[in-house]
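Student: Before we start, I would like to go through this model term by term and ask what stands behind each word.

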Amino acid sequence: MEMTAERALRAVPTHPSDADLVGAARAGELWAQEALYRHNVGAVFGLVRRLLGSEEDVDDVVQDTFILAFRALGSLREPGALRSWMLRIAVGRVSRVIRKRRVLAGLGLRAREAPPDVDAMLGPSATPDVALELARVYDFVVRLDADLRIAFVLRRIEGSTLEEIVELTGASLATVKRRVARAEAALEAWEGKR
C-alpha cells in the first residue's frame, strides 16, 4: 500500500524531537536531515566559532561536521543525544584545523592567527569591560596548542563542566583536568609577563 503525501505528513509529529528526526533521516527522508541541520546548526556554529576564535574556517568546519554526522547517522546509538554527538564531531574537526594552522605557521606558510572579532561573539548587551576581557583572553588562547585550547575555551568561555568536556573531547577525566590546569598555569605565566 502506497503512503500518500497527506498520510506521510500526518505521521510526522508537530514538533519532532531530534530522535524523531534521526529516525526519519535514517529512513532516507531528506526533509528530516534539513530539519536536523536547522535545529542544530546554531549550536554547532557557535561552539566552532568560539573554539576557533575567528571566522576563518568556521563554515568549513560546520559543513564538515554535518556531512560526517549525516554519513554516520546509522552509528548513533542514542538518537536523543544527537546534539552532543554532533558537537563532539565538531570539536574533533576544530582540533584538526588548529593543528593544521600551527603546522602551516611553523613552516612559514601561514601568518600567525589574527585576534578574533570579539564583537561578533558578544551580544548587544555586553559591556565594554566584558568585550575587553574576552579580547584579552583570546589573545592568550590563540597561543595554545589544540588540546589545551579546546579544554580551556570549553571550561573558561563555554562554562562546561569537566564531565561535559570529557564527553565533547573523548579524553579521560584525568586528561581533561590536566589540560585545564596546564592552560590555567600558562595563562597565569602569560599574564605575569604582560
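Tutor: This is a predicted model. Its secondary structure consists of 10 helices and zero strands.

Student: What is the order of the elements from the N terminus on?

Tutor: The run is α-α-α-α-α-α-α-α-α-α. The C-alpha trace spans about 75 × 35 × 35 Å along its principal axes.

Student: How much of the protein counts as buried?

Tutor: Of its 194 residues, 36% count as buried. The accessible surface comes to about 11,400 Å², and carbon and sulfur atoms hold 53% of that.

Student: Why is Leu109 called exposed?

Tutor: Exposed means over 50% relative accessible area. Leu109 has 61%, so Leu109 is exposed. Leu109 sits in the loop between α5 (82-106) and α6 (118-121).

Student: Which residues form a nonpolar patch on the surface with Leu109?

Tutor: Val103 and Leu107 form the patch with Leu109, and together the three have about 330 Å² of accessible area. A patch residue needs over 30% relative accessible area, and the 61% of Leu109 meets that cut-off.

Student: What makes Glu158 and Arg50 a salt bridge?

Tutor: The rule asks for a side-chain nitrogen of Lys or Arg within 4 Å of a carboxyl oxygen of Asp or Glu. In this pair the closest N and O atoms are 2.2 Å apart, so the pair counts as a salt bridge. The pair links distant parts of the chain: Glu158 is in the loop between α8 (146-157) and α9 (162-169), Arg50 is in helix α3 (residues 30-52), and they are 108 residues apart.

Student: Why are Glu158 and Arg50 called neither buried nor exposed?

Tutor: Buried means under 20% and exposed over 50%, with partly exposed in between. Glu158 has a relative accessible area of 27%, and Arg50 has 27%. Each value falls between the two cut-offs, so Glu158 and Arg50 are partly exposed.

Student: How do you know that Arg110 and Glu56 meet in a salt bridge?

Tutor: Their N to O distance is 2.9 Å, and the cut-off is 4 Å. Arg110 lies in the loop between α5 and α6 and Glu56 in the loop between α3 and α4 (58-71), so the pair ties together parts that are 54 residues apart in sequence.

Student: Is Arg110 buried or exposed?

Tutor: Arg110 has 18% relative accessibility, which is under 20%, so Arg110 counts as buried. Its partner Glu56 has 42% and is therefore partly exposed.

Student: What makes Asp57 and Arg101 a salt bridge?

Tutor: The closest N and O atoms of Asp57 and Arg101 are 3.1 Å apart, and the rule allows 4 Å. Asp57 is in the loop between α3 and α4, Arg101 is in helix α5, and the two are 44 residues apart.

Student: Why is Arg101 called buried?

Tutor: The relative accessibility of Arg101 is 4%, which is under 20%, so Arg101 counts as buried. Asp57 has 26%, so Asp57 is partly exposed.

Student: How many salt bridges does the rule give?

Tutor: The count comes to 12 salt bridges.

Student: How many positive and negative charges does the protein have?

Tutor: There are 29 positive and 28 negative charges, and their mean positions are 6 Å apart.

Key
Residues are numbered from 1 along each chain as its sequence is written. This is a predicted model: local features need pLDDT of at least 70, side-chain atom pairs count only at pLDDT 80 or more; totals for chains, interfaces and linings use all residues. Side-chain values use heavy atoms; hydrogens and water are left out. Patches are made of residues with over 30% relative accessible area and no salt bridge: like charges are joined within 9 Å, nonpolar side chains (Val, Leu, Ile, Met, Phe, Trp, Tyr) within 5 Å. Accessible areas come from the Shrake-Rupley method with a 1.4 Å probe; for residues, only the protein chains shown count as cover. Helices (H or I, at least four residues) and strands (E, at least two) are DSSP runs, numbered from the N terminus. Buried means under 20% relative accessible area, exposed over 50%, partly exposed in between (1.4 Å probe, protein chains only). Lys and Arg count as positive and Asp and Glu as negative; His and the chain ends are not counted. The place of a charge is taken as NZ of Lys, CZ of Arg, CG of Asp or CD of Glu.
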